[in-house]
Amino acid sequence: MQTNSFYNEILTEHNLRPDFRRDLPGADIVLDGVNPSCGDEIQLKLKTDGDRIVDGAFLGDGCAISQASVDIMLGMIIGKRKEEALRLADIFMRMIRGEASEEEIDSLEEASALRDISHMPARVKCAMLGWRTMKEALTGRSPEGK
Ligand code: ZN
């Protein structure tokens with residue numbers, strides 16, 4: 001059984017050494033996400049080729065949970081088909097709401113480090129920010145869409 005400190009280590013690691021906090025010239029999808037209740041902001045950038053997400057990055061400012069969550073998310077969706085990324089987003093959101101099965105949580109790999117957020121209602125929107133923004137970006141259901 002994995003301990004809380006193991007989860008905290010994952011979050012700390014992604015904050016200290018994020019893999020995807022950078023600019024991404026040539027991104028064809030760029031969408032801002034904001035969580036006003038905590039002051040978290042991200043700008044998510046994705047590069048797609050047909051149905052596949054071939055690269056991704058983010059710029060952002062906010063609490064450790066929001067920034068680690070989007071960094072972990074990018075590591076999971078780059079190289080995947082859009083529909084697979086959306087499926088992972090659905091599982092992640094259900095995990096955060098405490099509704100996902102153990103098997104589903106296992107399939108989230110590193111993102112399962114955020115499972116305990118389901119017991120911290122004030123942090124739910126922080127954990128969801130990256131995933132919610134990605135879902136909006138891929139489905140085009142953005143109020144900011146042109
Ligand atoms: Zn936050």
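Start by selecting Arg 132: with a relative accessible area of 34%, this residue counts as partly exposed. Keep in mind that you're looking at a predicted model. Now add Glu 136, which makes a salt bridge with Arg 132, their closest N and O atoms 3.9 Å apart. Both residues sit in helix H5, four residues apart, or about one turn of the helix. Glu 136 is partly exposed too, at 22%.

**Into the core**

Stay with H5, but turn to its nonpolar side chains. H5 contributes nine residues to the largest nonpolar core, the most of any element. That core has 44 residues, and the ones touching the most other members are Leu 74, Phe 92, Ile 96, Trp 131 and Met 134. To see who else chips in, colour helices H1 (4-16), H2 (64-77) and H3 (82-96) along with strands E1 (29-35), E2 (40-49) and E3 (52-61): like H5 (124-139), each supplies at least two residues of this core.

Next, pick Phe 92 and show what surrounds it. Skipping neighbours within four places in sequence, Phe 92 is in contact with Ser 69, Leu 108, Ala 111, Leu 114, Ala 127, Met 128 and Trp 131.

One name there is a polar residue worth a click. Ser 69 belongs to helix H2 and is buried, with a relative accessible area of 1%. What does its side chain find there? A polar atom of the Ser 69 side chain lies 2.7 Å from the backbone oxygen of Ala 127. Again leaving out neighbours within four places, the contacts of Ser 69 are Phe 92, Leu 114, Ala 127 and Trp 131.

**The zinc site**

Select the zinc ion and show its donors. Cys 38, Cys 63 and Cys 126 each coordinate through SG, and Asp 40 appears twice through OD, with distances of 2.1 to 2.7 Å. If you're searching by sequence, the donor spacing is C-x1-D-x22-C-x62-C. Buried or exposed: which is Asp 40? Asp 40 is buried, at 0% relative accessible area, whereas Cys 38 is partly exposed at 34%.

**The hairpin**

Now show E2 and E3 as a cartoon. The two strands run antiparallel and are joined by nine bridges. For a landmark, find Ile 42, which stands opposite Gly 60 in E3. Follow the hairpin round to the two residues between the strands, where Gly 50 has a positive phi of about 65°.

Back in E2, click Thr 48. Its relative accessibility is 17%, so Thr 48 counts as buried. The Thr 48 side chain makes a polar contact of 2.4 Å with the side chain of Asp 28. Beyond four places in sequence, Thr 48 is in contact with Asp 28, Ile 29, Ile 53, Val 54 and Lys 82.

**Two longer-range salt bridges**

There are ten salt bridges in the structure; here are two more to select. In the one between Asp 55 and Arg 22, the closest N and O atoms are 3.2 Å apart. Asp 55 is in strand E3 and Arg 22 in the loop between H1 and E1, so this pair ties together parts 33 residues apart in sequence. Both are partly exposed, Asp 55 at 21% and Arg 22 at 32%.

For the last stop, select Asp 51 and Arg 81, whose side chains meet in a salt bridge of 3.5 Å, N to O. Asp 51 is in the loop between E2 and E3, and Arg 81 is in the loop between H2 and H3, 30 residues away in sequence. Asp 51 is partly exposed at 34%, as is Arg 81 at 39%.

Terms used
Residues numbered from 1 in each chain as written. Predicted model: local features only at pLDDT ≥ 70, side-chain atom pairs only at ≥ 80, totals over all residues. Heavy atoms only, no water. Core = buried A, V, L, I, M, F, W, Y, C linked by side-chain atoms within 4.5 Å. Buried < 20%, exposed > 50% of the residue type's maximum accessible area, 1.4 Å probe, protein only. Contact = heavy atoms within 4.5 Å. Pairing = 2+ DSSP bridges. Donors = N, O, S within 2.8 Å, 3.2 Å for Na, K, Ca; no water. Polar contact = N/O pair within 3.5 Å; in protein donor to acceptor, adjacent residues only side chain to side chain. Salt bridge = Lys/Arg side-chain N within 4 Å of Asp/Glu carboxyl O.
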